[in-house]
Amino acid sequence: MNETRLRFEVVVVGAGPAGLAAACAAAENGCRTALVDDTPWLGGQIWRGQQAHPANPKAARWVERFRRAKASLLDQCTVLGPADRRTLLAEHPDGPRQIEWERLILAAGARELFLPFPGWTLPGNFGPGGLQSLAKHGWPVAGKRIVLAGSGPLLLAVGGGLRKMGASIVSINEQAPLSRLISFATGLLAWPAKLAQAARLKWTLRGTPFRCGVWPVGAEGGEQLRAVTLSDGRRQWMEACDLLACGFGLVPNVELPLALGCQLDDEFVRVDPWQASSVAGVYAAGELTGIGGADAALVEGEIAGLAASGKEEAARRLMARRAAWRRFGADLGAAFALREEVARLAAAETVVCRCEDVRFDRMKSFAGWRDAKLQTRCGMGSCQGRVCGAAARVLFGWGMESVRPPVLPARVESLCADFLTDQSPVRK
Ligand SMILES: Cc1cc2nc3c(=O)[nH]c(=O)nc-3n(C[C@H](O)[C@H](O)[C@H](O)COP(=O)(O)OP(=O)(O)OC[C@H]3O[C@@H](n4cnc5c(N)ncnc54)[C@H](O)[C@@H]3O)c2cc1C
């Protein structure tokens, strides 16, 4: 991709399940479509890297469908924000890009939620999804003793994957109580494929303790994590390990939608039945609109792609399937809702903003995110509040008050791109 100025009828941001489905639907219906992703891979968090080794048949089918649909792929291209009302500013290793759109579909997915507790910044402490991603790309985990903690089905999925790679999974500790998980598991009878997937994972993890109603209260070690202290609310105990993989579920990547002016409902992008956001011409799909898993993301993406191509009738036919997956997502959210205790794990001296070294006691003296940011620089480091901002929402109930581009770290060259005033012809 060498052109710096590009124009498409439909631009899709994010090549996970939602973005792939949206790009296929739009391109198959005759729209000149581009799929933009900041990684070199198709498939998003769950499938990335699988086109080379298609272990997952569903991923392979979608990648093949995308190839046949003949949409343009703008990979390694990070969207930094709007350059103007109908143009995105993006960054590619070869230089900045300006991407004009007539309809824009946002499918930027979600990231892990980390909640601070004493020792959480020690080397050896990872997010489960982050550790899985490192391991999938070759970081050696064989023989490592790993404790998983936090919340959500990702703990089981990651534990199973790491065990297959030769790691020794010491224990999996889910903060949700057993009663909620039993009622969620009973509901899975209506989702045979999900039930079978859960059963396969439990079989892979046979012999590994899976505890409910247990959460981490401390990570121990000098220079490097050596053990984790766990609690069930009544007692505490320590487990020796080499790595801790701890995450408390997922939070949507809403920075780009917010920078474009999209309204949120609670923390998710508000969409109508066609997946259209509150901004004309901008649609959203997948984890941006609710945490529901890859199948929910696929059907939402397809509806958005069809609606953006003017194929409302075809989109309407998918709405019953979407409603079913949304019910599944709601059950998931209820089962793994965070208990109050996990919002109170930080001690006074625990660092909450690790980029700018801001402690819990300093942050809690402020009334809101903006004040804390102005006085302490929290959220102004390289993660731009993507870690501590999400934590502050749980710890203090603070919302993100404003978002300004760039929504992801960018090179100065991209921000001073002279094509913003350049009159050279746009490649159509
Ligand atoms: C770290 C992590 C690991 C996960 N692992 C699993 C798993 O093993 N099994 C499982 O069932 N579910 C997993 N999930 C959940 C899974 O990702 C979702 O259920 C579902 O696949 C989401 O699909 P999506 O298309 O909405 O988003 P995603 O799959 O997250 O895709 C979003 C894509 O958008 C790209 N993107 C975001 N912002 C920009 C930008 N500004 N510019 C360009 N590109 C951008 C991202 O790099 C990503 O490729 C994981 C989630 C996370 C966060």
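User: How do the residues of the shell around the ligand divide into nonpolar, polar and charged?

Analyst: Bearing in mind that this is a predicted model, the shell around the ligand divides into 18 nonpolar, 14 polar and 5 charged residues.

User: And how many residues surround the ligand, and which are the closest?

Analyst: The ligand is surrounded by 37 residues, and the closest are Gly-16, Gly-44, Gly-109, Gly-129 and Gly-286.

User: Which helices and strands each supply at least two residues of that shell?

Analyst: The helices that each supply at least two are helix 1 (17–28), helix 2 (44–47), helix 4 (128–136), helix 5 (154–164) and helix 9 (294–308), and strand 4 (78–84) and strand 7 (110–112) do so as well.

User: What about domains, which ones does the chain have?

Analyst: The domain assignment gives domain 1 (5–111 + 251–334), domain 2 (114–248) and domain 3 (346–421). The contact between domain 1 and domain 2 takes 4 residues from domain 1 and 5 residues from domain 2, while their centres, taken over C-alpha atoms, are separated by 29 Å. As for the ligand, its shell draws at least three residues from each of domain 1 and domain 2.

User: Switching topic, in what order do the strands of the open sheet with strand 13 come?

Analyst: That open sheet is formed by 3 strands in the order 12-13-14, with antiparallel pairing, and its edge strands are strand 12 (215–220) and strand 14 (236–240), each of which pairs on one side only.

User: How many bridges join strand 13 to strand 14?

Analyst: Strand 13 (residues 227–231) is joined to strand 14 by 5 bridges, and Leu-230 has Trp-237 in strand 14 as its bridge partner.

Terms used. Residues numbered from 1 in each chain as written. Predicted model: local features only at pLDDT ≥ 70, side-chain atom pairs only at ≥ 80, totals over all residues. Pairing = 2+ DSSP bridges. Helix = DSSP H or I, 4+ residues; strand = E, 2+ residues; numbered from the N terminus. Near = placed C-beta within 6 Å. Nonpolar A, V, L, I, M, F, W, Y, C, P; charged D, E, K, R; others polar. Domains from an automatic or database assignment. Contact = placed C-beta atoms within 7 Å.
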